[in-house]
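Q: I'm new to reading structures, and I'd like a close look at one part: how the helices sit against each other. Please start with a single pair and then walk me outwards from there.

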Amino acid sequence: MSAPEPSAPEPSPEPPLNPSAGPAPKPPPGPSGEPSLLDRFPVLRRLGPRPTQRRVPFVQQVSVSECGAACLSMVLAWYGREVPLEEVRDVMGVSINGVSALDILDTAHRYGLRGRGTRLELEELEFLPTGSILHWDFRHFVVFERLRAGWVDIVDPAMGRRSLPLEQFRRHFTGVAVLLEPSDTFEPAKRPPRTVWRYAHHLLTQRALLFRILATSVMVQVFALGPPLLVGLVTDRVIPRGDRALLWVMGAGSVGLLLFQFLTSLVRSHLLLHLRTEFDVRVTLGFLEHLMELPYVFFQQRTAGDLSNRLNSNSIVRELLTSGALSGILDGSMVLAYLAVLLVASPALCALVVVLGLLQIAIFLGAKKRQRELMSRNLETEARSQAYQIEVLAGMETLKATGCEPRALEHWSSLFVDVLNVSLERGRLTLMTESLLGVLRLGSPLFILCFGAAQVLDGNLSLGAMLALNSLALGLLGPLSNLVATVIQFQLLGTYLARINDVLDTPREQAVRQVRPTPRLKGGITLEKVSFRYTRQGPTTLEDISVDIRPGQLVALVGRSGSGKSTLAKLLLGMYRPDSGRILYDGQELFEMDLRDVRRQLGIVMQSPYVFGDSVRANIALTDPSLPLDAVVEAAKQAQLHDEIMAMPMAYESPLVDQGSSLSGGQRQRLALARALVRKPSVLLLDEATSALDAITEAQVQRALADLSCTRIVIAHRLSTIMDADLILTLDGGRLVEAGRHDELLANGGRYAQLVAAQLR
Ligand SMILES: Nc1ncnc2c1ncn2[C@@H]1O[C@H](COP(=O)(O)OP(=O)(O)OP(=O)(O)O)[C@@H](O)[C@H]1O
């Protein structure tokens, strides 16, 4: 997601991109008559022959808003500095609305790349250096790789490498490009290898279990050698000699063999099931725990659908790893053991089997790259479709009320068709590889049989030995294909891991050892020169705010819409960290205390409180389900909601639907107020908490709140509700322009007086 800001020139000296190159021919001027790219960027003349056609390494964007960060990560890697996407994203300060070309330039600068944003005609594309970032479809960024014979190669962080005919390229490219090149401060760096260790160690902690699985697997394999051996014995010993006694012994042996085979595979399957469950518990719960500990900003940058999609990736990783571990142990050792027996018994037959095995591997490898690309696209399209699904279902009321269902359906179906298209392509690829493998599967026994027959005719093998080795050879090809399939699957693991690692690599909101236990707060709050902006490049939302609030005071935050009131409230909650300045509670730095402890002592009602799909009681006692009913009732009474709850069919146990659509807007607000009051907070923070109430109910709520001894911070547009405040803070454009009591501010005739006058008009 992006917003273009093409005019982002940055004065920079111009070191040669390719100093050894001679002058390049002068390019034609752009069709619009503007000076051409080369005229504007003489440094490109020194570009000379294209550098080696090294490919831009692909970095998959993990959420829709990260395309700019992913593109920059690719360009950095192309120039030799490997920086993980999460790091670039954090440095860039990506918001859910995406980033602009200016954000990319600024972040690139921090990593030692200098650059500029430029407008570019299609004819100038041939002079564009590899690793330039292109603005795409007005809402996306991709990396330019090269132009060749009417085709443009780009690397799309959402879909991978793509080649587009110029005509198609023209339809997507907005004409804005970000040119980047290393400056003197650029330092190449290798990124530490990212391993699957984080997951594998969960497996390895189960050593005893793994050992048992290994032992049972060896037994299964030893038993699997039985049938080929029996075939050889029957053909060479029993039939020529008419040895019925041996046949009986072998029959009894076969029954025993089958019995043991059955038992050992049963035990092994049980052990494996146990291993998977253990692994699942550790990985999924660990993931959920970490997710919950992440800062609010993380969730602001990603949609709910996207995150739920990643949660599902966990089970796929688990499946791949456990089946991979099993296949590695079982198929790998089986292939090695059978190959060793074949090599000793008949090196020629062994060579044939190796050739057939290599053919299998070649087919798998042939499909691997495409498979991987399709896999990434599959995940991306599914995440989009899932995110939209969740949005549509959550926003059904608005869609119905505005008659927009057909539009939503159209968009939804278009996303669904994208998913289907990728799945069709994957299906076609699988069909192709399966057909080729099918031919090989059918042909292999025939080849091996013919080759074995020739060996028997030449007198190199007995008929029995040939049949035994034949079934051994065939028994080897099955596990080999399993093994190769697993290895290929492991390659896909990277795509899933990238999505999961994005969560696991993000640091928790607070490291446990950095925080102090929080004492009971008295309600004194101090802001010292607090400034904040949502993104690095974005406007300053709060600037230099200093306030001192004493315990028990009623403080009102007023100001025009967008002046920063809610942002200030979120800073007080520690949801965002100020860029500069300090927030102190009772003289203690907020971020040095346990934020969760602090928040538990604050009562908050945000602008749109969330109602969970549970009972009224559970919703009020959300912060502590063990609270007695009396406490819940008292809070509901304070919030003037008790009578309405009692009128519900099941009173406090009445179930509420998800998001509380069975409640009126005012009831939802009072429910949230009761939730805030139930814990007897030290500080009550109300952001437009009574805006949906009628004047009478609002006055009753105000009276009830006036009896509280806690500090109250109230954000209100209806100024009549805050006239009695001990301190009124007027914000304007993120600055604190006035502070005082109602009468004083009115007498000042400033911004507050204007707001009051506007309401009286
Ligand atoms: N998550 C966000 N990312 C980027 N900008 C944001 C975000 N949330 C708010 N803003 C911007 O910050 C500015 C202040 O917003 P804020 O919600 O604090 O205003 P407010 O005074 O509470 O407005 P209102 O009275 O309408 O609720 C606005 O310009 C808004 O667009």
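A: Let's begin with a pair near the start of the chain: H3 and H4 cross in a right-handed way. Before going on, keep in mind that this is a predicted model.

Two packed helices are described by the angle between their axes and by how far apart those axes are. For helix H3 (residues 85-92) and helix H4 (residues 101-110), the axes come within 9 Å, and the crossing angle is roughly 115°. Angles of 65 to 115 degrees count as roughly perpendicular, so H3 is roughly perpendicular to H4.

Which residues do the touching? From H3 you have Val88, Val91 and Met92, and they meet Asp103, Ile104, Thr107 and Arg110 of H4. Sorted by class, this contact has four nonpolar residues, one polar and two charged.

Now turn to the other partner of H3, helix H2 (residues 67-78). The axes of H2 and H3 also come within 9 Å, this time crossing at roughly 120°. That angle makes the two helices oblique to each other, so they get a different label from the first pair. The crossing of H2 and H3 is right-handed.

On the H2 side, the residues involved are Gly68, Ala69, Ala70, Leu72, Ser73 and Leu76, while H3 brings Leu85, Val88, Arg89 and Met92. Seven of the residues in this contact are nonpolar, two are polar and one is charged. If you go back to the first pair, you'll spot some familiar names: Val88 and Met92 of H3 touch H4, and Val88 and Met92 meet H2 as well.

For another kind of pairing, go further along the chain to helix H12 (residues 347-394) and helix H14 (residues 405-457). Here the axes come within 9 Å and cross at roughly 170°. Anything over 145 degrees counts as roughly antiparallel, so that is the label for H12 and H14. Their contact takes in 25 nonpolar, ten polar and seven charged residues.

Moving outwards from the helices, have a look at the ligand. It has 14 residues around it, and the closest are Gln300, Ser561, Ser566, Thr567 and Gln607. Some of the atom pairs can be picked out one by one. Lysine 565 has a side-chain N or O atom 2.9 Å from a ligand oxygen, whereas serine 563 uses a backbone N or O atom, 3.1 Å from an oxygen of the ligand. Tyrosine 534 places a polar side-chain atom 3.3 Å from a ligand nitrogen.

One last stop is threonine 526, which belongs to strand E9 (residues 525-533). Its side chain makes a polar contact of 3.1 Å with the side chain of aspartate 548. Setting aside neighbours within four places in sequence, threonine 526 is in contact with Val547, Asp548, Arg582, Ile583 and Leu584.

Technical notes. Residues are numbered from 1 along each chain as its sequence is written. This is a predicted model: local features need pLDDT of at least 70, side-chain atom pairs count only at pLDDT 80 or more; totals for chains, interfaces and linings use all residues. Side-chain values use heavy atoms; hydrogens and water are left out. Axes are lines fitted to C-alpha atoms, for helices over the stretch in contact, and angles run from 0 to 180 degrees between N-to-C directions. Helices (H or I, at least four residues) and strands (E, at least two) are DSSP runs, numbered from the N terminus. Angles under 35 degrees count as roughly parallel, over 145 as roughly antiparallel, 65 to 115 as roughly perpendicular and the rest as oblique. A crossing is left-handed if the near helix is turned anticlockwise from the far one by less than a right angle, and right-handed if clockwise. Contact means heavy atoms within 4.5 Å. Ala, Val, Leu, Ile, Met, Phe, Trp, Tyr, Cys and Pro count as nonpolar, Asp, Glu, Lys and Arg as charged, and the others, Gly among them, as polar. A residue is near a molecule or strand if one of its heavy atoms lies within 4 Å of it. A polar contact is a pair of N or O atoms within 3.5 Å; within protein, one must be able to donate a hydrogen and the other to accept it, and residues adjacent in sequence count only if both atoms are side-chain atoms.
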